[in-house]
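Reader: I would like to go through this model with you, one feature at a time. Could you show me the sequence and the structure before we begin?

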Amino acid sequence: VHVWNNEACDSVFIETEVRNYGTETRNVEVVNKLAKANGKTAFRITEKVTLKPGEATVVCQSSPVTDVQRWSLDDPYLYTLSSMIKDEENKTIDETATEYGIRSISWPVHRNDGDNRFLLNGKPVFINGTCEYEHLFGQSHAFSHEQIQSRVKQIRQAGFNAFREAHQPHNLLYQQLFDEQGMLFWSQFSAHIWYDTPQFRENFKRLLRQWVKERRNSPSVILWG
C-alpha cells in the first residue's frame, strides 16, 4: 500500500497492489478506509477488480479530506488507513493497516524564492538532528525494543528534533516512534563494499526498492540518503 497527500493537504492518494495467488479467476473489491484518531471515518472508497490466476494489478484511488489535522512536531497526529480485500460475498479475506500523517514539506531547492529555510506545513522548522549508529558493544545491531525506545527518549530529552540513521536502515521501530512522537527522519541505505557486477547491482536495486516501500508512507521521513 502506498499513500500520500497533495501539498494543500486536502486530498489523499492511495495505490494498493493486489495479486491473485489462486488457480481461478477472482472478482474482489478493494476497500480503503481512512479513520481519524478517534475512530471516526474520514472517507471510504471502493473499487471492484477481476484478477486472473497469478495476475497482479495496482488499484489507484483518491479522495478529498475535510477538516484535516496535520502531522507536526508539536502534534504528531496519525490517521489509520485500513486496506481490505473483500470477496463476492462481501467477506474480508485480507486486510492491512497503515498509520499515516497528513503533512507538507518544502525544501528551498524546489522553491527558488530566496528563503533558504525548510518548511513543514508551510512553517519554517530549524532541523536540529543527531546521527546515530545502531551499534552497541557486545550486541552490534541486535537491539531490543526497550533499548530502541530508551535511545529515542534520550535523543528527544537532549533537545534534538531530527534523526539520521547511519548508514543503513535501522529497526523499523525507530521510524514508528518518530511518527508517533513527532521527529524528522533522514533514512539511509548504502553498500559499504561495492562489487561492480550485474548481480550486485540488481540485488542492490531490489533491496533499495524494498527499503523505499517500507518507509514511503511515514510522515517523519523528510530525506532519503
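Reader: Over how many bridges do S2 and strand S5 pair in the antiparallel sense?

Author: The model is a predicted one, in which local features need pLDDT of at least 70 and side-chain atom pairs count only at pLDDT 80 or more, while totals for chains, interfaces and linings use all residues. Residues are numbered from 1 along each chain as its sequence is written, and side-chain values use heavy atoms, with hydrogens and water left out. Strands here are DSSP runs of E with at least two residues, helices are runs of H or I with at least four, both numbered from the N terminus, and two strands pair if DSSP finds at least two bridges between them. For S2 and S5 (residues 56-64), the antiparallel pairing extends over nine bridges.

Reader: Which residue in S5 does isoleucine 14 stand opposite?

Author: Strand S2 covers residues 11-19 and also pairs with strand S1 (residues 2-5), in the antiparallel sense over four bridges. On the S1 side, isoleucine 14 is the bridge partner of valine 3, and valine 12 is that of asparagine 5. In S5, the residue opposite isoleucine 14 is glutamine 61.

Reader: In the hairpin of S1 and S2, which residue takes a positive phi?

Author: This hairpin has five residues between the strands. The positive phi, near 60°, belongs to cysteine 9.

Reader: Which are the edge strands of the open sheet of three strands?

Author: The sheet has the order S1-S2-S5, with antiparallel pairing. An edge strand pairs on one side only. From one strand to the next the twist averages 15°, where axes are lines fitted to C-alpha atoms, for helices over the stretch in contact, and angles run from 0 to 180 degrees between N-to-C directions. The edge strands are S1 and S5.

Reader: In the open sheet of four strands, what is the order?

Author: Its edges are strand S4 (41-51) and strand S7 (92-100), each of which pairs on one side only. Strand S3 (residues 26-35) and strand S6 (residues 79-86) pair in the antiparallel sense over seven bridges, and alanine 35 stands opposite threonine 80 in S6. With antiparallel pairing, the order is S4-S3-S6-S7.

Reader: Around the axis of H1, what arc do the buried residues cover?

Author: Helix H1 (residues 145-157) has 13 residues and reaches 18 Å from its first C-alpha to its last, close to the 18 Å expected at 1.5 Å a residue, the expected span being 1.5 Å times one less than the number of residues. Buried in H1 (under 20% relative accessible area, against over 50% for exposed and in between for partly exposed, with a 1.4 Å probe and protein chains only) are Ile148, Arg151, Val152 and Ile155. An α-helix has 3.6 residues a turn, so residues three or four places apart point the same way. Taken from the directions that run from the helix axis to the C-beta atoms, the arc which puts these buried residues on the same side of H1 is only 95°.

Reader: Which helix is included in what covers the buried residues of H1?

Author: The face of H1 turned away from its buried side carries the exposed residues Glu146, Lys153, Gln154 and Gln157. On the buried side, where contact means heavy atoms within 4.5 Å, the cover includes strand S11 (129-133), strand S12 (162-166) and helix H2 (172-181).

Reader: Is arginine 215, which forms a salt bridge with glutamate 214, buried or exposed?

Author: A salt bridge is a side-chain nitrogen of Lys or Arg within 4 Å of a carboxyl oxygen of Asp or Glu, and here the closest N and O atoms are 2.9 Å apart. Salt bridges that share partners join Glu165, Glu214 and Arg215 into one network. Glutamate 214 is partly exposed, with a relative accessible area of 37%, whereas arginine 215, at 2%, is buried.

Reader: How many salt bridges does the count come to?

Author: Among them, arginine 117 and aspartate 115 meet at 3.0 Å, N to O, arginine 117 being partly exposed at 46% relative accessibility and aspartate 115 partly exposed at 21%. Glutamate 202 forms another with arginine 209, with 3.6 Å between the closest N and O atoms; glutamate 202 is partly exposed at 42%, as arginine 209 is at 47%. By this rule the count is nine.
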